[in-house]
Amino acid sequence: MKMKNLYIKQMVFAAVATALLCNACSDEWNDHYDMNDASMVNNGTLWNAITADGNLSNFARVVEGCGYSAILNGSQTFSVFAPTNDRLTSDQADSLIASFNTQKANGVSSDDNTVVRQFLQNHISLYKHPVSSLTNDSIMLMNGKYAVLTPNAIDGMNFLSKNTLYSNGVLFTLGDQIKYFPNVFEYLGIDNELDSVYNFINSYSEYVFQPSMSVPGGIVDGRTVYLDSVTVLNNILFNALGEINSEDSTYWMVAPVNDEWNKLVSEYTDYFNYATNVAKYDSMQYANARLAIVRGTIFSRTENPDEAFNDSAVSTSALSYTTRRLLEEDPYYIFYKPFASGNIFDGTEDIVCSNGHVRKAKTLNIDNRNTFLQTIKVEAESVLYQDTIQDAEEPLTVRRVTADNPFYDKISGNAFVDVTPKTSSTNPLVRFNIPNVLSNVGYDIYAVMAPYAAYDTLATHQQRLPNAFRPLFRVTDKNGKMGDRTINKTYNTVADENGETNVVDTVLLQSNYTFPTCSYGLSEPQLKLQIRSTVTSRQTSTYSRTLHIDCFLFVPHVEATEPDNAKRNNQ
């Protein structure tokens with residue numbers, strides 16, 4: 001019978017714990033109980049002992065009903081903490097077996113079966129863990145839970161008998177069942193009001209066979225057959241968002257109840273409408289609409305110490321301070337005054353778990369503009385975004401803003417590009433790829449134009465002339481066809497009384513502008529923004545055909561709000 005759901009950390013911890021236990025044993029204990037003394041070993045296996053004890057008949061029925069009888073009758077070594085019939089009644093045993101079989105019939109694997117994980121593996125540990133008068137240890141049970149082992153009890157459940165040694169382990173009997181204490185991830189699966197978020201996260205779970213940790217039993221038809229198979233739980237969301245299944249870490253998670261989850265899924269799905277020619281467009285829409293809810297709800301308490309948690313809660317999805325500074329990013333996924341009225345933890349029900357807390361939320365107090373609905377910034381000097389250049393010198397000239405320039409730290413990334421015409425009689429054009437745009441979201445779209453003086457404080461009057469330009473969008477429709485959206489307006493940068501541009505000018509191109517398809521997470525561009533100079537031959541003394549572009553901003557629209565610097569919509 002193959003044994004599943006054993007984590008690598010069990011093997012490591014158990015080996016270390018056993019070594020520590022042996023080192024800690026006193027001479028008195030060695031005289032009393034020598035685990036290597038063959039005379040102390042009773043005949044038979046743990047399974048033989050359990051079936052022979054009439055007071056463990058109900059426990060034996062559950063063991064056999066869940067397929068663990070062969071395991072406890074094999075060569076692997078265990079400590080078994082078996083509740084007697086007084087605390088595990090015949091009706092309870094029947095209920096556990098029925099639940100196991102129902103889950104099995106519904107396709108639930110043994111690894112995920114709640115009877116196995118919450119009851120059976122909660123009463124069995126790998127390796128021998130005898131107790132003495134000096135015992136005060138923490139051992140790991142088969143389901144990964146830690147339990148405190150003392151001379152007369154495990155996790156406060158008193159022993160009726162102890163240290164009965166058999167060929168493959170040691171047997172204890174208990175006057176009560178060991179209480180199952182779920183971790184954050186497990187609690188989501190227990191609470192019926194939270195099964196939507198649990199089912200989504202758990203859909204990424206897989207158990208990976210570990211041959212190096214398993215016990216081979218021989219060769220059959222040229223292939224190794226394993227007596228005991230060890231599998232490890234992998235879930236890519238744990239790696240990305242936090243190990244909420246780990247007993248070695250501490251997390252808080254704000255978990256929306258099913259009604260709130262379904263409401264948000266319905267709202268967010270429209271934001272992730274991919275063109276039908278995008279590979280797996282439907283599954284991408286499904287996953288990203290739900291990830292939009294989950295990101296920002298998990299908090300590592302290691303990264304959020306008590307003294308800081310009341311002031312701000314930094315989720316596992318937040319970029320580090322250093323990275324935010326480097327990228328000039330806003331502090332997304334960080335929630336200030338989280339316990340205050342209307343904020344992220346307000347109104348949530350607090351459930352204590354073995355590795356942290358679940359904050360059960362009937363309303364998710366998270367502004368999506370603080371999570372996934374972010375401002376998109378495209379740096380014009382980045383060749384990653386430059387798509388097409390026409391009637392202009394190539395490559396585009398990057399201008400750096402030095403620390404002694406008055407515009408230092410006023411230009412994004414302290415750099416901008418000059419789009420210089422090939423000849424004095426042509427108007428240059430440049431087209432940029434715009435990444436990660438969401439569908440059906442209103443964006444306020446800005447072109448941030450730099451003054452030439454940000455590069456050269458001694459710039460001439462001609463170099464300081466304002467720009468005049470016209471934008472155009474190339475937009476992908478639902479069928480994957482890209483077409484032009486023309487904006488019939490000409491924009492110009494602001495000029496002072498001398499007819500010069502000497503300020504950073506943030507020009508509003510469009511307000512509350514929506515796109516039919518989403519490009520979130522795609523490497524292939526789905527949206528392009530084109531800028532062409534529109535200076536006529538009679539305007540060359542008033543406007544410069546050389547465009548000075550800092551960046552473009554796509555800001556999710558909010559009524560009656562504006563960025564800090566001035567914005568204008570020029571005709």
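User: Happy to look at this predicted model with you. How many of the six residues of strand β17 (residues 356-361) are buried?
Analyst: Buried here means under 20% relative accessible area. Strand β17 is largely enclosed by the rest of the structure, because the number of its residues that are buried is six of the six.

User: Nice. Which strand runs parallel to β17, and which residue there is the bridge partner of G356?
Analyst: Six bridges join β17 to its parallel neighbour, β12. Within that pairing, G356 of β17 has as its bridge partner Y251.

User: And on the antiparallel side, which residue of β17 is the bridge partner of V352?
Analyst: Strand β16 (residues 349-353) runs antiparallel to β17, with five bridges joining them. A hairpin of two residues links β16 to β17. The bridge partner of V352 in β17 is H357.

User: Let's turn to helix α12 (residues 281-294). What does its coverage include?
Analyst: The buried residues of α12 include A287, L291 and I293. What covers the buried residues of α12 includes β12 (251-256), α10 (236-241), α11 (258-269) and α9.

User: How many of the eight residues of α9 are buried?
Analyst: The buried residues of α9 include V197, F200 and I201. Helix α9 (residues 195-202) is largely enclosed by the rest of the structure, because its buried residues number six of the eight.

User: I201 makes me curious about the largest nonpolar core. How many residues does that core have?
Analyst: I201 is among the residues with the most contacts inside that core, along with F473, F515, I549 and F554. F515 touches F473 and F554, among others. The largest nonpolar core has 88 residues.

Terms used:
Residues are numbered from 1 along each chain as its sequence is written. This is a predicted model: local features need pLDDT of at least 70, side-chain atom pairs count only at pLDDT 80 or more; totals for chains, interfaces and linings use all residues. Side-chain values use heavy atoms; hydrogens and water are left out. A nonpolar core is a set of buried Ala, Val, Leu, Ile, Met, Phe, Trp, Tyr and Cys residues joined through side-chain atoms within 4.5 Å. Buried means under 20% relative accessible area, exposed over 50%, partly exposed in between (1.4 Å probe, protein chains only). Contact means heavy atoms within 4.5 Å. Helices (H or I, at least four residues) and strands (E, at least two) are DSSP runs, numbered from the N terminus. Two strands pair if DSSP finds at least two bridges between them. Lists of a residue's contacts leave out its neighbours within four places in sequence.
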